[in-house]
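Visitor: I would like to learn how to read a model of a protein chain, one feature at a time. Could you take me through what is shown here?

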Amino acid sequence: MKRYINISDFRKVAQKKIPKMAFDYIDGGADDEVTMARSSSAFDHYALCPAVLNDVSDIDLSTTVMGTKIDMPLIISPTAQARIFHHTGERSLAKAAAKFGTIYTLSSISSVSIEDTAKAAGGPKWFQIYVMNDRQILRDYIQKCKEAGYAGLCLTVDVPLTGNRERDIINGTGVPPKFTARNVFNILSKPTWLWNRLTNPRVSMSNIEPYLENKDMGTLAKFTAMQLSKNVSWEDALWMKEEWGGKFAIKGIMRADDARRAAEAGFDAVIVSNHGGRQLDQVAAPIEVLQEIVEAVDGRCEVILDGGIRRGTDILKALAMGATACMTGRPFLFGLAAEGQAGVERALEIFRNELELDMLLLGRKDIKSIRSSDVRKL
């Protein structure tokens, strides 16, 4: 395997190994991609303030998130259709997370089913879910997660409709993809990726297929678009929380008043997320609104920051500002596209090693010793 020093190395290799339409699906955002870029660059507006003469001889990265103890405060975010980027897809993401003692979050629109992902890997798992118009589908998903031993449910609330992702429009990315002379030539220039696609089972939306007589991908895409509810309400979220009966997080919170309402309603965690800049453009970065959300919930629920994480120092800043843990998705998809499961594991290793060193240099030996005074806004 190539020597990877940082997360950006995976992006460069992924760009060479997979077709442009697949790479742009990972790498792109909505409209002018302002929000996508801001999600990472906004961390530069905060500085760390090291504490000296503290005993940091034994660094402990472990923490507890929604009742699950994990070995590092970084969770793999839900990402759709991972087998587009590497034929092992979600199985490799889940196995890597289990190996590093952290949580893997499976997307509703995954290319490996709830059951098969659970069989592929031990370790704690959450399932990401949307509010759908057919509640029986939701009941089925929830029951499957219970039977498969998922530790938590994660409701994404910022996708009443897919954002305007212009790279995907240009590339003809969709379900099914539109083949043009340009992207066919590009696909043919990636023989390893193409061989794996041709010699492995077709990519599908595995959790949705059981509800269709016709397994055509075009039908699957239409079905998904029809099922995503545009009139989702807090009542729907509460119904789902009660139906699940276990640990429950809401993902896509970007306002203090929404976070406060979630805490008052008894949700276990709010996930501060702008969907990686893939939905509404010109939105704030999660790190920019984190502190006001932490203050709004006032300890009544956990706060998880999702988005823009590329360095151990990013995680450290979020923790100092009150986050329980962080989530990220793109770095692990770049790792998956570049090297399969080994790439995901190496990405997790880089984050772990960076965070361990960063904590030592900050003068903090464990997660609970991190203080708000360890970070300041520039």
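**Reading salt bridges and burial**

Guide: Let us begin with a charged pair: the side chains of Glu 345 and Lys 99 meet in a salt bridge, at 3.1 Å from N to O. Glu 345 lies in helix α16 (residues 341–362) and Lys 99 in helix α4 (residues 89–99), so the pair ties together parts that are 246 residues apart in sequence. Please keep in mind throughout that this is a predicted model.

Visitor: Are Glu 345 and Lys 99 buried or exposed?

Guide: Glu 345 is buried, with a relative accessible area of 15%, whereas Lys 99 counts as exposed, at 59% relative accessibility. The cut-offs used in this reading are under 20% for buried and over 50% for exposed, with partly exposed in between.

Visitor: What is the general idea behind such pairs, and how many salt bridges does the count come to?

Guide: Side chains of opposite charge can pair when their charged atoms come close. In this model the count comes to 19 salt bridges. One of them joins the side chains of Asp 24 and Arg 167, with 3.0 Å from N to O. Because Asp 24 lies in helix α2 (residues 20–27) and Arg 167 in helix α7 (residues 166–171), this pair ties together parts that are 143 residues apart in sequence. Asp 24 is buried, its relative accessible area being 5%.

Visitor: Which residues are linked in a network of salt bridges?

Guide: The network links Arg 11, Lys 20, Asp 24, Asp 27, Glu 33 and Arg 167, and the pair of Asp 24 and Arg 167 that we have just read is a salt bridge between two of those names.

Visitor: What can be said of the salt bridge between Arg 311 and Glu 354?

Guide: The side chains of Arg 311 and Glu 354 meet at 2.7 Å, N to O. Arg 311 lies in the loop between β10 (302–306) and α14, and Glu 354 in helix α16, so the parts tied together by this pair are 43 residues apart in sequence. Arg 311 counts as partly exposed at 38% relative accessibility, while Glu 354, at 14%, counts as buried.

Visitor: That loop leads to α14; why is helix α14 described as largely enclosed by the rest of the structure?

Guide: The general idea about a helix is that an α-helix has 3.6 residues a turn, so residues three or four places apart point the same way. In the case of helix α14 (residues 312–320), eight of the nine residues are buried, so the helix is largely enclosed by the rest of the structure. Among those buried residues are Asp 314 and Lys 317, alongside Ile 315, Leu 316 and Ala 318. After α14 comes Gly 322, whose phi is positive, near 110°.

Visitor: Which residues have a positive phi although they are not glycines, and where are they found?

Guide: Leu 53 is one of them, with a positive phi of about 55°, and it is found in the loop between β1 (46–48) and β2 (63–65). Gln 81 is another, with a positive phi of about 50°, placed in the loop between β4 (74–76) and α4. Their surroundings can be read from accessibility: Leu 53 is exposed, with a relative accessible area of 87%, whereas Gln 81 is buried, with 5%.

Visitor: What is Cys 326 in contact with, beyond its neighbours within four places in sequence?

Guide: Cys 326, in strand β11 (residues 325–328), counts as buried at 0% relative accessibility. With those neighbours left aside, its contacts are Pro 73, Leu 74, Ile 75, Ile 304, Leu 305, Ile 309, Ile 315 and Ala 318. Of these, Ile 315 and Ala 318 are also among the buried residues of α14.

Visitor: How should I read the protein chain as a whole?

Guide: The secondary structure comes to 16 helices and twelve strands, and the C-alpha trace spans about 65 × 50 × 40 Å along its principal axes. A compact globule of 378 residues would have a radius of gyration near 21 Å, and the 20 Å of the protein chain agrees with that. Of the 378 residues, 57% count as buried. Among contacts with a separation of 6 or more, 73% are accounted for by residues 24 or more positions apart.

Visitor: What does the exposed surface consist of, and how far apart are the mean positions of the charges?

Guide: The protein chain exposes about 16200 Å², of which carbon and sulfur atoms supply 51%. As for the charges, the mean positions of the 49 positive and 47 negative ones are 5 Å apart.

Technical notes. Residues numbered from 1 in each chain as written. Predicted model: local features only at pLDDT ≥ 70, side-chain atom pairs only at ≥ 80, totals over all residues. Heavy atoms only, no water. Helix = DSSP H or I, 4+ residues; strand = E, 2+ residues; numbered from the N terminus. Rg over C-alpha atoms; globule rule 2.2 N^0.38 Å. Buried < 20%, exposed > 50% of the residue type's maximum accessible area, 1.4 Å probe, protein only. Contact = heavy atoms within 4.5 Å. Areas by Shrake-Rupley, 256 points an atom, 1.4 Å probe, with all protein chains shown as cover. Lys, Arg positive; Asp, Glu negative; His and termini not counted. Charge placed at Lys NZ, Arg CZ, Asp CG, Glu CD. Salt bridge = Lys/Arg side-chain N within 4 Å of Asp/Glu carboxyl O.
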